[in-house]
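Please take a moment to look over the sequence and the model before reading on. The paragraphs below are meant to be read with both in view.

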Amino acid sequence: MTPISLACDCGNVVLHIAPRPAPPQGNRIICHCNSCRAFARVLGRTDVLDSADGSDILQIRCDRLSIAKGAEHIAALKLSPKGLARWYAACCNTPLGNTTGGPGFPFFGALVHGIVAKDTLGPVLARVNIPKERPLPQGLPATEGRTTAAFAGVFTIMLSGWLARAQKRNPLFPNGKPLAPPRLVSLAEKEAAYA
């Protein structure tokens, strides 16, 4: 089966996701949390967000991910010392996805922006983490499920990953160390990103 390609905008970085025989290819959500929005803003890439500042994310087990090209261009940042590692292509500041801060969790949240064959992924289950102070605009596409189903999907990914020891095969943490040490975003950058 042909892998699902996740590429940066300039093409220097290409990640592959091992496909399942049929959709859904993972747990697909649109996250509206302030941190996902800040990630895009720190990189100067608000174009990857939808009209409601949401990030379209395909959540998968990390052992389905491989680096096909451009490992030397992959970088990471953190918005807080204990926050998620947010991976991007430093060559063009394209957000790629996120992991927990360390190698212990068998999870990767791929930013769908870089996936060409979006129609093969399956439907969006839910919009999650919507800040109370920023209600969603009218006319957004409906989702296929509920927030509880989306969180159950993450739990399933994590449990099956731990049982399979998938975290040992995370290409972003080879030998248990980050491929690129995450840069901690400065307070000034963070304040601007969260404004």
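What follows goes from the chain as a whole to a few of its residues.

The model shown here is predicted, and its protein chain contains three helices and 11 strands. Read along the sequence, these elements follow the pattern β-β-β-α-β-β-β-β-β-β-β-α-β-α. The radius of gyration is 16 Å, close to the 16 Å that the globule rule gives for 195 residues, and the chain is therefore as compact as a globular protein of that length. Along the principal axes, the C-alpha atoms fill a box of roughly 40 × 40 × 30 Å.

How much of the chain is buried? Buried residues make up 44% of the 195 residues, while the surface that the chain exposes comes to about 9400 Å², of which carbon and sulfur atoms supply 58%. Among contacts with a separation of 6 or more, 68% are accounted for by residues 24 or more positions apart. As for charge, the chain carries 22 positive and 12 negative charges, and the mean positions of these two groups are 9 Å apart.

A useful place to begin at the residue level is Arg28, which belongs to strand β3, residues 27–31. Is this charged side chain's residue buried or exposed? Arg28 counts as buried because its relative accessibility is 10%, which is under the 20% cut-off. Its side chain makes a polar contact of 2.6 Å with the side chain of Asp56, and the side chain of Arg28 also reaches the backbone oxygen of Gly122 at 3.0 Å. Beyond residues up to four places away in sequence, Arg28 touches a set of residues that includes Ile57, Leu58, Val112, Leu121, Val124 and Leu125. In the loop between β2 and β3 lies Pro24, and the peptide bond from Pro23 to Pro24 is cis, with omega near 0°.

Helix α1 covers residues 34–42, and its buried residues are Cys36, Arg37, Ala38, Phe39, Ala40 and Val42. The helix is followed by Gly44, whose phi is positive, near 70°. Farther along, in the loop between α1 and β4, lies Asp53, a residue other than glycine that nevertheless has a positive phi, near 65°. Asp53 is partly exposed, with a relative accessible area of 28%. A second non-glycine residue with a positive phi, of about 55°, is Asn129, which lies in the loop between β10 and α2 and is partly exposed at a relative accessible area of 42%.

The loop between α2 (147–163) and β11 (183–184) holds Asn170, and Phe173 is also placed in the loop between α2 and β11. Asn170 is buried, with a relative accessible area of 3%, and Phe173 is buried as well, with a relative accessible area of 2%. A polar atom of the Asn170 side chain lies 2.9 Å from the backbone nitrogen of Leu172. Leaving aside neighbours within four places in sequence, Asn170 is in contact with Cys62, Thr99 and Phe107, whereas the corresponding contacts of Phe173 are with Trp87, Thr99, Thr100, Gly101, Gly102, Pro103 and Pro178. Thr99 thus appears in the contacts of Asn170 and in those of Phe173. Although Phe173 and Thr99 are 74 residues apart in sequence, their C-alpha atoms are 9.8 Å apart in space.

Notes:
Residues numbered from 1 in each chain as written. Predicted model: local features only at pLDDT ≥ 70, side-chain atom pairs only at ≥ 80, totals over all residues. Heavy atoms only, no water. Helix = DSSP H or I, 4+ residues; strand = E, 2+ residues; numbered from the N terminus. Rg over C-alpha atoms; globule rule 2.2 N^0.38 Å. Buried < 20%, exposed > 50% of the residue type's maximum accessible area, 1.4 Å probe, protein only. Contact = heavy atoms within 4.5 Å. Areas by Shrake-Rupley, 256 points an atom, 1.4 Å probe, with all protein chains shown as cover. Lys, Arg positive; Asp, Glu negative; His and termini not counted. Charge placed at Lys NZ, Arg CZ, Asp CG, Glu CD. Polar contact = N/O pair within 3.5 Å; in protein donor to acceptor, adjacent residues only side chain to side chain.
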